[in-house]
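The following exercises concern the structure shown below. Each task is followed by a solution that proceeds step by step.

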Amino acid sequence: PAGSAAPTITLVAIDSSAGPSAPSPATAAVDAVPPTVLSRASWGCNESYRFDSNGAEIWPPEYRTVTHVIVHHTVTSNYEVDPAATVRAVYYYHAVTLGWGDIGYNYLVDWKGNIYEGRYGGPNVVGGHALKYNWGSCGIGCLGTYGNSPVPANSTTPTDAMRIAVTRLIADRFSCLDARATGLLVDKTVPTVCGHRDVMATSCPGDNLQALLPAIRTNVLAEQMALWAATPGIGGSITAATFSTTRMPTGSILRIDVSVMAGCHALGGQAPYSGTVYDEAQDYTTVGGAPIAGAWRIGIGFSGERTPYPYRWGIPPTLGAWQTAVVTCQVRLSALGERQLWIGLIREPGQVVAGALYVTSVRVLAGECFGSYDSAASASPTAADSASIAAGDLYSVRLPLTANIDCR
Ligand SMILES: [Zn+2]
């Protein structure tokens with residue numbers, strides 16, 4: 001709960017049943033669609049409670065960059081039919097009964113997985129849930145009682161829907177927060193996603209919810225990546241690419257040097273790594289092994305490909321946040337003719353984070369076109385030919401027997 005005193009008893013007297021109820025949200029563990037956060041209006045927030053009798057805002061918003069998320073339980077009833085009514089009750093208790101002028105939590109989450117906007121003011125607004133640790137933290141109040149209750153029967157274990165909602169909320173609102181790190185909050189070095197008890201002397205958020213925090217920390221990163229991979233600078237991005245040539249003899253190697261930059265999280269790749277040469281007929285399913293979920297690779301695609309980005313090379317095994325690496329991509333091209341090639345950034349298995357970059361036309365020509373063809377039938381003028389050619393003469397040269405070569 002918020003603050004230091006136990007606020008649970010007063011809540012019993014508040015009738016907040018009149019008002020909208022929340023729907024049941026989706027509960028996929030990792031979802032590239034941002035979670036729905038129910039606005040204050042949608043849970044029936046009476047905004048007049050924020051103002052005193054003179055119309056002045058009781059608790060004007062103040063802002064700090066959020067570096068930590070602090071998880072609470074609200075020590076209210078479990079498995080309520082209408083959790084939005086409890087959100088209104090907590091709001092009334094904090095705003096009116098305690099005289100704060102607003103709800104202390106920045107967000108609330110119910111057992112069905114609904115997420116409610118708490119404290120008024122938008123991103124980075126300072127809430128009121130952990131005394132001096134309010135500044136720089138976001139307080140998430142999980143509706144219910146998850147252990148350490150004076151009446152043990154009043155405690156339960158958070159539902160999967162609640163755990164997933166907390167995870168997705170953190171990932172969505174704090175895309176660059178490293179949920180597995182620890183960091184300084186005011187005067188304590190604590191996990192960036194911590195329980196109320198990690199910063200203050202309290203049993204909050206209850207043993208059963210506190211025990212879920214390690215899993216939440218790990219899953220936040222997966223969810224951040226799913227949500228933000230396609231946003232350059234947050235997931236990762238390709239910053240430059242160089243093709244070794246756009247016109248090459250059959251059977252030679254096209255080299256493409258691709259610069260890749262990690263976003264605000266470290267990224268990792270998988271085999272095959274930089275420098276590996278693909279033959280034209282090969283693809284990543286036979287070179288370097290099956291895709292590893294979460295591994296990042298550079299993909300080369302081309303017109304007429306049978307599978308998207310058939311040639312793939314892993315970025316380095318560890319590429320730190322905002323670090324850049326160059327991945328050398330090589331393909332031996334044999335089939336004559338022109339093709340379009342392009343570059344993609346792939347988050348395996350197969351999520352195209354950025355696609356169709358640096359589209360380049362490459363022409364594969366017969367070796368004769370490059371003057372290195374060792375044949376008795378030379379395309380070049382003989383010495384005798386050259387001697388007989390005078391300036392201004394019209395002349396012709398003898399072509400080799402494979403005469404219909406297209407060297408354009
Ligand atoms: Zn608490």
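**Exercise 1: The six-stranded sheet**

Six strands make up an open sheet of mixed pairing, in the order 1-4-3-5-2-8. Strands (E, at least two residues) and helices (H or I, at least four residues) are DSSP runs numbered from the N terminus, and two strands pair if DSSP finds at least two bridges between them. The model is predicted: local features need pLDDT of at least 70, side-chain atom pairs count only at pLDDT 80 or more, and totals for chains, interfaces and linings use all residues. Residues are numbered from 1 along each chain as its sequence is written, and side-chain values use heavy atoms, with hydrogens and water left out.

Task: Determine which strands stand at the edges of this sheet.

Solution. Step 1: Strand 1 (37–38) and strand 8 (193–195) each have a single partner strand, so one side of each is left without a neighbour in the sheet. Step 2: Strand 1 runs parallel to strand 4 (residues 115–117), joined by two bridges. Step 3: Within this pair, Val 37 has Ile 115 as its bridge partner. Step 4: Helix 6 (residues 213–228) lies across strand 2 (68–73) and strand 8, at about 165 degrees to strand 8. Such angles run from 0 to 180 degrees between N-to-C directions, with axes fitted to C-alpha atoms, for helices over the stretch in contact.

**Exercise 2: The five-stranded sheet**

Task: State the order of the five strands in the open sheet and identify its edges.

Solution. Step 1: The order is 10-17-16-13-14, and the pairing is mixed. Step 2: Strand 10 (247–249) and strand 14 are the edges; each has a single partner strand, so one side of each lacks a neighbour in the sheet. Step 3: From one strand to the next, the twist averages 30 degrees. Step 4: Three bridges pair strand 10 with strand 17 in the parallel sense, and Met 248 stands opposite Val 364 in strand 17.

**Exercise 3: Two residues compared**

Task: Decide whether Asp 172 is buried or exposed, and describe the setting of Ile 253.

Solution. Step 1: Asp 172 belongs to helix 3 (residues 160–173). Step 2: Its relative accessibility is 13%, so Asp 172 counts as buried; the classes are buried under 20%, exposed over 50% and partly exposed in between, with a 1.4 Å probe and protein chains only. Step 3: Beyond neighbours within four places in sequence, Asp 172 is in contact (heavy atoms within 4.5 Å) with Pro 34, Pro 35, Leu 227 and Trp 228. Step 4: Ile 253 lies in strand 11 and, at 32% relative accessibility, counts as partly exposed. Step 5: Residues touched by Ile 253 include Met 248, Val 277 and Val 331.

**Exercise 4: Nonpolar cores**

Task: Find which residues of the largest nonpolar core touch the most other members.

Solution. Step 1: A nonpolar core is a set of buried Ala, Val, Leu, Ile, Met, Phe, Trp, Tyr and Cys residues joined through side-chain atoms within 4.5 Å. Step 2: The largest has 35 residues, and Ile 298 and Ile 343 touch the most other members. Step 3: Strands that each supply at least two residues of this core include strand 13 (296–302) and strand 16 (337–347). Step 4: Apart from it lies another core of 27 residues, among them Tyr 107 and Phe 174.
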